[in-house]
Amino acid sequence: TMSTETAVAAQIPVCRVAIVGAQRQRVARVAAIIHADESLASVDTLAISGSSSVDPSSSRNNTSRLQELPSGVPPQVTIEYLPCVATFDSYEDEKGESVRYLAKLEYHGPNGTLVNGKSLAPFFDHQHESDDDDNNGEVQNPFPGIAGVAIGCGVDTDDDFAKVKTFLDALSSSCISEATDVDVSMIIECIQPNTEFSSMKEENDLFRDMSDEKKREAVKNRTIGPGKMAFFAYEVAEKAVQQRWGKELLTGNKPETDTQDVTQNYADEAAPELVEIEEAAPHFIDPEKTRYACKRCRSVLFSTDDLEDPPHAQSLHNFGRRGQTSGQGMCQNLFIADPLPWMHGCNEMEGKLHCPKCQTKVGHYSWTGAQCSCGTWVTPAILVPVSKVDEMKPASQNIIAASGPLMFAQPPNVIVQTQSSTLDL
C-alpha cells in the first residue's frame, strides 16, 4: 500500500476519508481490513464512469487508456483513512429529561490503536500547506482538509449521525478549497443496513452471532460486518473523486484553468478580504467599568461590557466530573460574548487564547462548547479562568492610581475612552 508520504513525493493526489465509529476496537478492526487489502488503497479515475460504483480490484495499469483522461485529471488518487471515535454523553435538563450530546470526536492514529485521541482540526490546516512561496512549484492537493466521512461502527441512529455531521460541518466551515473552483464540499454518509435488516443494530447483532468461519467469509465478501464498513469507506472516497472531477470525466473536456492558476486567482481575490478583516471596527474599553488585565504583564484584555449577557445559569448540568472537590458549584471562569480583536477572530473550531503583549496563555475557546467549573455546559465558549487575570476596579475609584501608567492590550485598533480625551493605542 502506498503511504501518504510516498504519494505526496510522487505528486499523487491524496484524498482523506475519516472512519467514524462509537467504539475504538471496531474502528481499528475496519482499519486493519483496509490496510490488508491493497485494492482499497486508491481510487482509479480511469475506471470511474458517471456515478456508478467501481470494483477497486479491477486493473490499475491500463496504459492504453491514460490518453482518455482529460487534462488535469490524475489516473490515480491515494486514500488516507483516518480512524476516529465519537464519544457521546448525556445530562439532565431543567425538566429532568436526559439530553444526549456529542462530547468529543477524535482521531486515533492511522491504525485506530491510539488510546488517547487527537483533534481533527490539524487535518483541515493542511489546506494552507502550499500557500507558502517556497513550495517548489508543487501542485496543491485538490482535496484540502477531509474529503469524506464514513460513519458507522456503532453510530447507527439518525440522531447520533446528525450530531456528528453538525460537528464536522462546523469544523470544515472554514476549509474553503483553495485548489479549485468546483464543488468539493465534504461528503458525510452513514452506512445503511442491508435490505433484509431493519437497522444496523440488527445487522451487527447477526454478525456477532456468526461462526468464525462465516465471519471471515463475510469480511472477504464485504457483505456484512467490518468488511462491509471497510468497503463503504472506500465508496465514500470514490464519491469524493467523482465529485471533484465528475464534469471532466463525463464530458472529457479540459478544466477552464489549471490547478495552479485557480489557486493563484483565489489568493488574489482573497487578499483584500483579509486586509478588511484586520481593519475591523475599533474595540472600546471603558475605564469606568470593571476591567480584567493579564496577570503577568497587566495589559487590559477586556471589561464587563464584553462578558456574556445574560450570564449562564450556574450548576445547570451534572456531568459527574471526576476528582472535583473544592470549588464545586462555583464559577471560576469568565465567558466572553464575542471574539475580541486580539483574539484574531477565533477562526478555528477550538484553540488557545494568548495575551497579545506577553503571549501568556490566558484562556481558550471552543465553538462546540465547554464546561464551566460550576458544571454548566456553555455553547459557544470563549472563556478566561479568573486565575489568569487581575480584576481592575473602575478608574474613578482611584484604586490603581499608585500603580503608574496603565498598559492596554494590542492590537492598535483598541481604543480606550477617558473623561478628557480619547487615546488611540
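**Cysteines**

I looked up Cys-190 and found that Cys-190 counts as buried, at 15% relative accessibility. I was working on a predicted model. I then asked how far the sulfur of Cys-190 is from the closest cysteine sulfur. That closest sulfur belongs to Cys-153 and lies 10.0 Å away, too far for a bond. A disulfide requires the pair of sulfur atoms to be within 2.5 Å, so I ruled out a bond from Cys-190 to Cys-153, whose sulfur is 10.0 Å off.

I extended the search for disulfides to the whole structure, and it returned zero. I also checked Cys-84, which is buried with a relative accessible area of 0%.

**Strand E3 and its partners**

I took strand E3, residues 76-92, next. Is E3 mostly covered or mostly open? I noted 12 buried residues out of its 17, which makes E3 mostly covered.

I listed the strands that pair with E3:

- Strand E1 (residues 14-21) runs parallel to E3 and is joined to E3 by eight bridges.
- Strand E2 (residues 42-44) runs antiparallel to E3, with three bridges.
- Strand E4 (residues 98-107) is also antiparallel to E3, and nine bridges join the two.

I looked for individual positions in these pairings. Thr-78 in E3 has Val-14 opposite, and Ser-42 also stands opposite Thr-78. Further along, I found Asp-89 bridged to Tyr-101 in E4.

I followed the chain from E3 into E4. The hairpin has five residues between the strands, and Gly-96 there takes a positive phi near 80°.

**Nonpolar cores**

I asked which residues have the most contacts inside the largest nonpolar core. This core has 36 residues, and the ones I noted are Cys-15, Ile-19, Ile-34, Tyr-81, Phe-143 and Met-229. I then traced the elements behind this core: E1, helix H2 (24-36), E3, helix H5 (200-208), helix H6 (212-221) and helix H7 (226-251) each supply at least two residues. H7 gives the most, with 11 residues.

I recorded a second core apart from this one, with 26 residues, including Leu-105, Leu-120, Val-164 and Met-349.

**Tyr-81**

I returned to Tyr-81, one of the residues with the most contacts inside the largest core. What does Tyr-81 touch, leaving out residues up to four places away in sequence? I listed Val-17, Ile-19, Ile-34, Leu-40, Pro-110, Ala-233 and Tyr-234. Of these, I had already entered Ile-19 and Ile-34 among the residues with the most contacts inside that core.

How values were computed. Residues are numbered from 1 along each chain as its sequence is written. This is a predicted model: local features need pLDDT of at least 70, side-chain atom pairs count only at pLDDT 80 or more; totals for chains, interfaces and linings use all residues. Side-chain values use heavy atoms; hydrogens and water are left out. Buried means under 20% relative accessible area, exposed over 50%, partly exposed in between (1.4 Å probe, protein chains only). Helices (H or I, at least four residues) and strands (E, at least two) are DSSP runs, numbered from the N terminus. Two strands pair if DSSP finds at least two bridges between them. A nonpolar core is a set of buried Ala, Val, Leu, Ile, Met, Phe, Trp, Tyr and Cys residues joined through side-chain atoms within 4.5 Å. Contact means heavy atoms within 4.5 Å.
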